[in-house]
Amino acid sequence: MNRRIALRHLALISGGLVLIPSCDFSKEDILAAYDNLKVTASQKTLLGLISDTIIPAGEIKGALDLEVPDFILVMVDDCFTQENQEKFSAGLAAFPEQVKAATGKKFEELSTKEKEEAILAATKLEGDDTEEGKKKAAVAYFLNSTKRLTIQGYMASEYIQTEVIPYSLIPGEYNGAVLISDLQKPRVNG
């Protein structure tokens, strides 16, 4: 074997061994796409499951198919105040614990009906000045905001605006010779 190649390999291996202790695999990485929010990949996945429960896929695409969770996170990051962003993040972090306490299972393990019931029950939570009450209020705020933004992002998506409910810039062209009974109704459900 050539001595230069052997020395090069030895240098690469020793350099790699020096870098291994600096790698921290103990905690989950925070997504860097959002300036103000500290969201992990598992929290984004949970948000996707929640939005998919709110608007599931059927004959037409669901919220997860249209990448509504990304829309939600961008809207919270860009448009919410700092206080509301903190409440949203606290609710997102506390929601799995709330579901586990209420149902005894993780949210991912629940059936569709149980997911719907868990979300509906959590949106009606009321908090108080205690630490537990603040968590309940944050979960309710998080879910109500998620529900509103899911519907907004879904209805404003290109798929809905072009294929399901075709958007027209003007209310329609004027044609005085057409009877109202001859007009077609807009396709609302695909």
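Which residues of H6 are buried? I put this to the model, which is a predicted one.

**Entry 1: helix H6**

I listed the buried residues of H6 as Gly-133, Ala-138, Val-139, Ala-140, Phe-142, Leu-143, Ser-145, Thr-146, Leu-149, Thr-150, Gly-153 and Tyr-154. I then looked up what covers them and found that the cover includes H2, helix H3 (68-79), H4, helix H5 (112-123) and helix H7 (158-164). I also checked the length of H6, which comprises residues 131-155. With 25 residues at 1.5 Å a residue, H6 should span 36 Å, and this agrees with its end C-alpha atoms, which are 36 Å apart.

**Entry 2: the chain as a whole**

I recorded seven helices and zero strands in the protein chain. Read from the N terminus, the order of elements is α-α-α-α-α-α-α. Of the 190 residues in the chain, I noted that 28% are buried. Taking contacts between residues at least 6 apart in sequence, I found that 61% join residues at least 24 apart.

**Entry 3: the nonpolar core**

I noted that nonpolar side chains tend to be buried together in soluble globular proteins. I turned to the largest nonpolar core here and found 33 residues in it. Those with the most contacts inside this core are Ile-50, Phe-95, Phe-107, Phe-142 and Leu-143. At least two residues of the core come from each of H2, H3, H4, H5, H6 and H7.

I followed Phe-142 further, as one of the buried residues of H6. Setting aside neighbours within four places in sequence, I found Phe-142 in contact with Leu-47, Ile-50, Phe-88, Gly-91, Leu-92 and Phe-95.

**Entry 4: the second largest pocket**

What is the volume of the second largest pocket? I entered about 160 Å³. I listed its lining as Ser-42, Gln-43, Leu-46, Leu-92, Ala-93, Pro-96, Lys-100, Lys-106, Phe-107 and Glu-108. The elements that give two or more residues to this lining are helix H2 (41-54) and helix H4 (82-103). H4 gives the most, with four residues. By class, I recorded five nonpolar, two polar and three charged residues in the lining. I noted two overlaps with the previous entry: Phe-107 of the lining is among the core residues with the most contacts, and Leu-92 of the lining is in contact with Phe-142.

**Entry 5: Glu-67**

Is Glu-67 buried or exposed? I classed Glu-67 as exposed because its relative accessibility is 53%, and exposed means over 50%. I located Glu-67 in the loop between H2 and H3. I noted that its phi is near 60°, a positive value in a residue other than glycine.

Conventions:
Residues numbered from 1 in each chain as written. Predicted model: local features only at pLDDT ≥ 70, side-chain atom pairs only at ≥ 80, totals over all residues. Heavy atoms only, no water. 1 Å grid on protein atoms, 1.4 Å probe; cavity = no way out; pocket = protein on both sides within 12 Å on 5 of 7 lines; lining within 4 Å. Points joined across faces, edges and corners; volume = space filled by probe spheres on them. Nonpolar A, V, L, I, M, F, W, Y, C, P; charged D, E, K, R; others polar. Expected span 1.5 Å × (residues − 1). Buried < 20%, exposed > 50% of the residue type's maximum accessible area, 1.4 Å probe, protein only. Contact = heavy atoms within 4.5 Å. Core = buried A, V, L, I, M, F, W, Y, C linked by side-chain atoms within 4.5 Å.
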